[in-house]
Amino acid sequence: MSFRILGTGSGLPSLCKTNDDLAKIMDTDDEWIRTRTGIEERRICGEETITDLAELAAKRALEDSGVTAEELDLIICATLSGDYITPSMACVLQARIGAKCPAFDLNAACTGFLYAMDVATGYFARNPKMKILIVAAEAISKLVDWRERNTSVIFADGAGAVVLGEGEDLLAIRLTAKGNTHALAAPNVSGNCPFRKESELEPFLQMDGKEVFRFAVSSMCRDIKTVMKLAGVTGEEIDYVLPHQANMRILDSAIGRLDIDGEKFLTNINCRGNTSAAAVPLLLDEVNKAGTLKKGNLLAMSSFGGGLTTGACILRWSK
């Protein structure tokens with residue numbers, strides 16, 4: 001038992017910052033950022049909180065699905081940057097939208113949306129009549145060090161959501177994890193306990209770009225090939241690929257190694273940046289609302305991120 005996607009939604013901050021804007025506050029320029037990442041602009045939380053964006057995405061997904069908040073049986077939020085350590089973003093969101101169901105957060109970094117979909121399949125196996133809301137929302141802008149350019153020019157903020165209902169559209173899914181605190185990590189708050197040794201880690205996201213690049217390209221190719229085999233489909237049968245919007249160089253390298261036409265890879269990284277767990281559902285909502293997707297389309301999704309975690313799936317679009 002799997003599910004089908006009943007509706008999609010997204011939420012973006014109103015504040016848009018171009019590469020030229022970043023060049024005014026750090027040692028970088030538009031050409032340096034574009035040639036290395038493919039990013040031209042990104043949205044950053046200014047007045048809005050990440051919970052505000054999650055609420056907007058959730059309400060839009062519910063409207064698109066025709067499901068009310070009161071009908072929801074479960075809310076899963078994929079995030080590593082909620083406004084609170086506790087309560088969870090999912091619990092705060094539950095109150096905001098007027099739902100009454102159980103709610104919890106899941107942290108698999110950039111792969112969080114795919115992890116959440118896999119978790120949802122377990123609930124549908126127990127009760128196929130459920131209605132589940134998944135919201136992936138991230139404000140990575142508050143985790144990066146804005147004094148340096150290696151990570152701050154890449155990451156951005158946003159939220160994407162889906163409402164899931166009874167169906168059999170998830171044809172295959174694969175998740176992996178390989179514990180690693182070197183390639184991509186952000187320390188938690190250290191507090192001020194007088195009996196504790198002060199942390200030597202700076203409270204910012206740290207990334208080994210070369211290691212992440214190698215990991216991302218190899219895992220994306222491996223995972224997509226695996227789920228295609230599990231689903232019994234070929235690259236020619238795939239209509240669209242929705243990859244994690246991490247870096248255009250990563251995507252270009254992976255496309256060259258996969259037996260799927262490069263024109264089938266959908267991207268919005270040029271104007272959205274890397275929104276971590278929100279990247280894939282945000283892209284999904286944009287192409288859904290644009291009318292790009294047609295009923296019966298076969299979609300491949302792929303993500304990779306801190307953990308290190310990876311995930312990929314094959315999904316039939318039946319909305």
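Pro-87 sits in the loop between strand 4 and helix 4, and the backbone does something unusual on the way in. In this predicted model, the peptide bond running from Thr-86 to Pro-87 is cis, with omega near 5°. Most peptide bonds are trans, and most residues other than glycine have a negative phi. A second cis bond turns up towards the other end of the numbering, where Gly-307 is joined to Leu-308 with omega at about -5°. Leu-308 belongs to strand 13, which covers residues 307–316. Phi has its own oddity at Ala-109, a residue other than glycine whose value is positive, near 55°. Ala-109 is part of the loop between strand 5 and helix 5 (112–126).

Strands 4 and 5, which flank these loops, also belong to a sheet. Five strands make up this open sheet, in the order 1-7-6-4-5 and with mixed pairing. The edges go to strand 1 (4–11) and strand 5; each has a single partner strand, so one side of each is left without a neighbour in the sheet. From one strand to the next, the twist averages 20°. Strands of a sheet pair through backbone hydrogen bonds, either parallel or antiparallel. Strand 6 (residues 132–139) and strand 7 (residues 157–165) take the antiparallel option, with eight bridges joining them. One of the residues involved is Ala-139, whose bridge partner in strand 7 is Asp-157.

Helices pack on this sheet too. Helix 4 (residues 89–97) lies across strand 4 (74–78), strand 5 and strand 6, and runs at about 130° to strand 4. Helix 10 (residues 279–289) lies across strand 1, strand 6 and strand 7, this time running at about 100° to strand 1.

On to the empty space. Rolling a probe the size of a water molecule over the atoms shows where such space is left. The largest pocket holds about 1100 Å³. Its lining counts 42 residues, and those nearest the centre are Leu-80, Leu-143, Ala-186, Pro-187 and Asn-188. Sorted by class, that lining comes out as 20 nonpolar, 15 polar and seven charged residues. Strand 5 (103–106), already met at the sheet edge, supplies at least two of the lining residues, and so does strand 9 (184–185). Both domains take part: domain 1 (4–168) and domain 2 (172–316) each contribute at least three residues to the lining of the largest pocket.

The second largest pocket comes in at about 560 Å³. Its lining has 30 residues, with Asn-150, Ile-154, Met-207, Gly-209 and Asn-247 closest to the centre. Two or more lining residues come from each of helix 2 (30–37), helix 6 (149–152), strand 10 (206–207), helix 7 (209–231), helix 8 (248–255) and strand 12 (298–305). Helix 7 gives the most, with five residues. As for chemical class, the lining of the second largest pocket divides into 15 nonpolar, nine polar and six charged residues. And where does the second largest pocket lie with respect to domain 1 and domain 2? Domain 1 (4–168) and domain 2 (172–316) both give residues to its lining, so this pocket lies between them.

How values were computed: Residues numbered from 1 in each chain as written. Predicted model: local features only at pLDDT ≥ 70, side-chain atom pairs only at ≥ 80, totals over all residues. Heavy atoms only, no water. 1 Å grid on protein atoms, 1.4 Å probe; cavity = no way out; pocket = protein on both sides within 12 Å on 5 of 7 lines; lining within 4 Å. Points joined across faces, edges and corners; volume = space filled by probe spheres on them. Helix = DSSP H or I, 4+ residues; strand = E, 2+ residues; numbered from the N terminus. Nonpolar A, V, L, I, M, F, W, Y, C, P; charged D, E, K, R; others polar. Domains from an automatic or database assignment. Pairing = 2+ DSSP bridges. Axes fitted to C-alpha atoms, helices over the stretch in contact; angles between N-to-C directions. Contact = heavy atoms within 4.5 Å.
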